[in-house]
Amino acid sequence: MDLDRRKFLKVIGITSLSLAIGKDIKAEDTKVNKEFNGVLYDASRCKGCHGCEYDCSEANSLPEPAIIDEDAPPRKTDETRRTVVNKFETSKGPVFTKIQCMHCNEPACVAACLTQAMYKTPEGAVIWREDKCMGCRYCMISCPFDSPKFEYHSPNPKIEKCSMCFETRISQGEIPACAENCPNDALLFGNRRELISEARRRIYESPDQYIEHIYGEHEAGGTCWLYISPVPFKELGMNTKLQKESYPALTKGFLYSVPSIFVLVPALLLGIQQATKINILPKENEDE
Amino acid sequence: MNKDLTDSIAAERLSVWKFILSEFKPKGKILTPFNVISVPIILVGIILIVIRFWKGIGAVTNLSQEIPWGLWIGFDVVTGVAFAGGAYVLTFMVYILNMRKYHSIVRVTVLNGFLAYLFYAGALLLDLGKPWNVINPVIGNNFGVSSVLFLVAWHFLLYMIAQLIEFSPAIAEWLGARRAHKILSGMTLAAVIFGITLSILHQSGLGALYLMAKEKIHPLWYSEFIPVLFFVSSIFAGLGMVIFEGSISHKVFFKQISDEHHKEQRGIIHGLAKICTATLFVYFFLQLIVFIHGKRWDLINTPMGYWYLVEMLGFVLLPMLLFFYSYRTNNILMIRLASILTMLGVIINRLNVTIIGFRWDIAVHYVPSWMEIVVTLTVLLTEIWIFRWVIRRMPVLWESTIWKKDNPV
Ligand code: SF4
Ligand code: SF4
């Protein structure tokens, strides 16, 4: 019994401690590892063939995409499709955009997940692990890009989102299905740092073909998926109001304060309790 | 071992069980209006819960990919827990500040708080896609320690244990277990201190849950101070609930309440009104600072801005003034009115953050389905049933005279 209690207290101790330092370790990790994998999507090259949608559904055993109506309002990813390509009428004519999980450098979904089901691999891909997830959907609340999708109509629901084909392909030394099969070279898989240089080079060499902005270089603290485009990203329906800091940074202050509250408040309470106890002894029943 | 002794122990055990079994029989009338209304709702609710586990969450809720948390989280958990805050505020006043005047209502408030947590945690399980995996973050094979939700979940669990310990002397009295009573009473202070610390953290933690949803919540309700605001408002939410609930149980459970307690009631309500005034004032002031600090003037002249003004003026400032006025004029009726306004204000505030202001900008808004509402009512009504069951049996509202002497505090 006593042993159990001690063990229990130890667990609490470790928990509250790691609540303090766990964050640090994580931040270090991402700082050290700059060699994330990533994909560069070039909107000026994409011809909107939707091939990647079919490749994705095949590689991840999802239902084949339905007939795509280009002129319908832009589609979103959902529990049956991890990526979609939409057409936008822009100031420079029709431009296509592919959307999927951005694989943030410091992902909000991973910070949110209380079971570590969402996991940032050292290689850069953010994956979801079914056996750990409890389906709380806090990752969906937190993701600034609304990437995780939930199977609302299943008694044993999954979270669906792009995994960069990590388990099925990257870990086997292959590259993501969409990037491998794109016939127009709009998707380039590689090292994130090198992809940024490549994006800069393309912008530098053809300044009138691109705007000077690499979406994902700084958005939400930087993402592994990067975009370049001939028109401002706002016209492509992308969220341009995101902050430059990572989203997990928003809860840092709160989580940092937890251990100190755990130490200070009980001590304070005990102190007050002792003080007021002495006070009431002489003049019983006067309590205000 | 002596045979007589074993026999007598066995007989004692048997009688304890008999006693417990007999306590399961209803006390009081069966066909009351409350029963007539609540039983059908609970039955429908149970059917809906079965459907939910059979067909998935989407079969009974209106949740969507954009709005993953609806009524069950926004109201049952986030709002419900705020109202359960009365327990930690009162234990603070009675056990830490030694304000013994409030001692007579501690038990009922702690019971209320404990049941609230029990049922809201239960509501949380309904909302989980894979509730069986809830064990993962508890047994420690997967600690998502950088998650606010991890913190909140653990604190729920630990706080429920603390509250159970705080309440356990009443159970011991009910069962007539003298030794256990002594041990359990001795643990009260530790449980109280632990419980208050946990409460501060998870009341604010519920707000911190939404910190990462920065662009998704209407700027009038999003700020980095959500945790502080949630914590401060949980104080008057809880006390408002204590006042409100106190006036109801005084009518309903009239017989169970001791005379002495009746007389104290006025003084207690009066004192609580004073605390409510002060905390409402602090809260209003904080909201004002957040508003000015965020430079949000241009947002006021929009429909959401008017709604914000309604919340701040009608449900924070007005009840504050009412509390202030009524405790000076000693008007109990007005205090009750103010407490109802305060509670409405907290409900509106929590729903504004979690539902109304969450994704206010998208085309398809979330409105809870009737089924979500019935399940919510089921949770609430079942809680009231259990509450009533306990009140009628255990020494919660009245003081058991035999126990009084060896247990002065
Ligand atoms: S885009 Fe969303 S789901 Fe993807 S890694 Fe970032 S936070 Fe996670
Ligand atoms: S739904 Fe699953 S993956 Fe998402 S935060 Fe909850 S436990 Fe983690």
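Here is a walk through the ligand surroundings, the nonpolar cores and the aromatic pairs of this structure. Keep in mind that the model is predicted.

Let's start with ligand 1. It has 13 residues around it, and C101(A), M102(A), C104(A), C109(A) and C143(A) come nearest. Sorted by class, that shell holds 10 nonpolar, 2 polar and 1 charged residues. Now look at ligand 2, whose surrounding residues include C113(A), C133(A), C136(A) and C139(A), along with W128(A), R137(A) and I159(A). Here the shell splits into 9 nonpolar, 2 polar and 1 charged.

On to the interior. The largest nonpolar core runs to 163 residues, and the ones with the most contacts inside it are Y138(A), L187(A) and W225(A), plus L206(B), Y210(B) and L272(B). Helix 7 of chain B (residues 148-175) gives this core its largest share, 14 residues. From chain A, domain 1 (5-28 + 255-287) and domain 2 (33-245) each put in at least three residues. If you zoom in on Y210(B) and skip its neighbours within four places in sequence, you'll find it touching W69(B), I73(B), Y222(B) and F358(B), among others. Another core, of 27 residues, lies apart from the big one; I159(A), Y152(A), I57(B) and V374(B) are among its members. You've met I159(A) already, as one of the residues around ligand 2.

Finally, the rings. Over all chains there are 21 aromatic pairs. Take F150(A) and Y152(A): their ring centres sit 4.9 Å apart with the planes at 75 degrees, and over 60 counts as edge-to-face, so that's what this pair is. Both residues, F150(A) and Y152(A), are buried. Elsewhere, ring pairs tie Y41(A), Y215(A), Y227(A) and F233(A) together into a cluster.

Technical notes: Residues are numbered from 1 along each chain as its sequence is written. Chains are lettered from A and ligands numbered from 1 in the order in which they are written. This is a predicted model: local features need pLDDT of at least 70, side-chain atom pairs count only at pLDDT 80 or more; totals for chains, interfaces and linings use all residues. Side-chain values use heavy atoms; hydrogens and water are left out. A residue is near a molecule or strand if one of its heavy atoms lies within 4 Å of it. Ala, Val, Leu, Ile, Met, Phe, Trp, Tyr, Cys and Pro count as nonpolar, Asp, Glu, Lys and Arg as charged, and the others, Gly among them, as polar. A nonpolar core is a set of buried Ala, Val, Leu, Ile, Met, Phe, Trp, Tyr and Cys residues joined through side-chain atoms within 4.5 Å. Buried means under 20% relative accessible area, exposed over 50%, partly exposed in between (1.4 Å probe, protein chains only). Helices (H or I, at least four residues) and strands (E, at least two) are DSSP runs, numbered from the N terminus. Domain bounds come from an automatic or database domain assignment. Contact means heavy atoms within 4.5 Å. Rings of Phe, Tyr and Trp (its six-membered ring) pair if their centres lie within 6.5 Å; planes under 30 degrees apart count as stacked, over 60 as edge-to-face and the rest as tilted.
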